[in-house]
Amino acid sequence: MLAGVLFALAAGLMWGLIFVGPLLVPDYPGTLQSAGRYVAFGLIALPLAWLDRRRLRQLARQDWIEALKLSLVGNLMYYAFLATAIQRTGAPVATMIIGTLPVVMSVTANLCYGHLEGRLPWRRLMPALLIIALGLVCVNAAELQAQGATLDWPRYLSGLLLAVMAVGCWTWYPLRNARWLRNHPQHKPGSWATAQGLVTLPLAVVFYLLVCGQIHWQQPDFALPFGPQPEVFLLLMLAIGLLCSWLGTLCWNAASQRLPTVIMGPLIVFETLSGLFWTFLWRQSWPPLLTAIGICCLIIGVISAMRIKPQPVVTSLEI
């Protein structure tokens, strides 16, 4: 249990860096950043796959198809939505919407996997949901006050919608990934992370070419293929690909093999808190009062959810 929590904490610390990445290269479209990140992830996976080729040969065809689905939804689609949302709403708002993941994942795990590992009682879960909703209201109010009359409402609202879509992708990915790992304990977390990197590479390359074509059509002055700051962009993509994609996935996989699926939801809060920490560290400022209240609500709500013990589902048997 302790090892699983520590692995989840390590994954959250690395995943939190993705909330700062789009702010370092604000002129780059979120889709280009997503494609670049996962091209780097795939390239990093190539030498690791050679070293781990014996274990990777043990994966069946169905396992590779599962890795492809996970990579498409949990990697490319999720980060494209998230990076664009961060650029349109600001990192704190996008981070706090992603911060609903602990409860969203817990509810989803309750509905989809409760019959396997026990359910969280809804009567005790609802207060946590309300506290986290209050936190989201506080953070959004703080960002609206900060931007004032300069707020571009269509851009802001589209950013909120993209952040919600990112939540949907990242709810599906870790729960499905956790179930696969718990059903296949013979496979190592690092091997599964490498397998996802391998299947991501061709998808990411095609995605990158399509995005370049779109940018060339919409923004002819944008320098392609690596944008106006190629050195910064390439180094950032390599760093995020290594730390956030491969190493973060490895740590999360290790946690998923050690903890029940319904517990993994609350532990995703480490990503949210790390994202806020790295964002305000990059800004070199303390969070505003309303944002701080929202963060406290998030922490309290998630801790409340984590304290709820799953209850086994009792089924009556006919004799």
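Author: A word on classes first: Ala, Val, Leu, Ile, Met, Phe, Trp, Tyr, Cys and Pro count as nonpolar, Asp, Glu, Lys and Arg as charged, and the others, Gly among them, as polar. Bear in mind, too, that this is a predicted model.

Reader: Okay, how many helices and strands are there in the chain?

Author: Read along the sequence, the pattern is α-α-α-α-α-α-α-α-α-α-α-α-α-α. Put as a tally, that's 14 helices and 0 strands.

Reader: And what percentage of the contacts with a separation of 6 or more comes from residues 24 or more positions apart?

Author: The chain has 319 residues, of which 54% count as buried. As for its contacts with a separation of 6 or more, the share from residues 24 or more positions apart is 88%.

Reader: Let's go to H1. How far apart are its end C-alpha atoms?

Author: Helix H1 covers residues 2–15, which is 14 residues. At 1.5 Å a residue it should span 20 Å, and the model agrees: the end C-alpha atoms are apart by 20 Å.

Reader: Within what arc do the buried residues of H1 fall, seen down its axis?

Author: The buried residues in H1 are Gly4, Ala8, Ala11, Gly12, Met14 and Trp15. They line one face of the helix, because seen down the axis they fall within an arc of 165°.

Reader: Alanine 3 is missing from that buried list, so to speak. Does it count as buried or partly exposed, and which residue 255 places away in sequence is 7.7 Å from it?

Author: Alanine 3 is also found in helix H1. Buried means under 20% relative accessible area, and alanine 3 has 37%, so it counts as partly exposed. The residue 255 away in sequence and 7.7 Å away in space, C-alpha to C-alpha, is arginine 258.

Reader: Now the empty space. By class, what does the lining of the largest cavity have?

Author: A search of the whole structure finds 1 cavity of 30 Å³ or more, and about 90 Å³ of space lies in the largest cavity. Its lining has 13 residues, with Trp15, Arg37, Tyr38, Trp170 and Cys244 nearest the centre. Helices H3, H5, H9 and H11 each supply at least two of the lining residues. By class, the lining has 7 nonpolar, 4 polar and 2 charged residues.

Reader: Same thing for the largest pocket: how do the residues of its lining divide?

Author: About 290 Å³ of space lies in the largest pocket. Of its 15 lining residues, Pro29, Gly30, Gln87, Arg88 and Gln219 are the closest to the centre. H3, H5, H9 and H10 each supply at least two residues of the lining. The lining divides into 5 nonpolar, 7 polar and 3 charged.

Reader: Any odd backbone? What is omega for the peptide bond from leucine 224 to proline 225?

Author: Most peptide bonds are trans. Proline 225 sits in the loop between H10 and H11. The bond from leucine 224 to proline 225 is cis, with omega near 15°.

Reader: And just after H13, what phi does glutamine 284 take?

Author: Most residues other than glycine have a negative phi. Glutamine 284, just after H13, has a positive phi of about 55°.

Reader: Last one: which residues does threonine 291 touch?

Author: Threonine 291 is in helix H14. Its relative accessible area is 0%, so it is buried, the cut-off being under 20%. Leaving out residues up to four places away in sequence, it touches Val139, Ala142 and Phe280.

How values were computed:
Residues numbered from 1 in each chain as written. Predicted model: local features only at pLDDT ≥ 70, side-chain atom pairs only at ≥ 80, totals over all residues. Heavy atoms only, no water. Helix = DSSP H or I, 4+ residues; strand = E, 2+ residues; numbered from the N terminus. Expected span 1.5 Å × (residues − 1). Buried < 20%, exposed > 50% of the residue type's maximum accessible area, 1.4 Å probe, protein only. Arc of directions from axis to C-beta. 1 Å grid on protein atoms, 1.4 Å probe; cavity = no way out; pocket = protein on both sides within 12 Å on 5 of 7 lines; lining within 4 Å. Points joined across faces, edges and corners; volume = space filled by probe spheres on them. Contact = heavy atoms within 4.5 Å.
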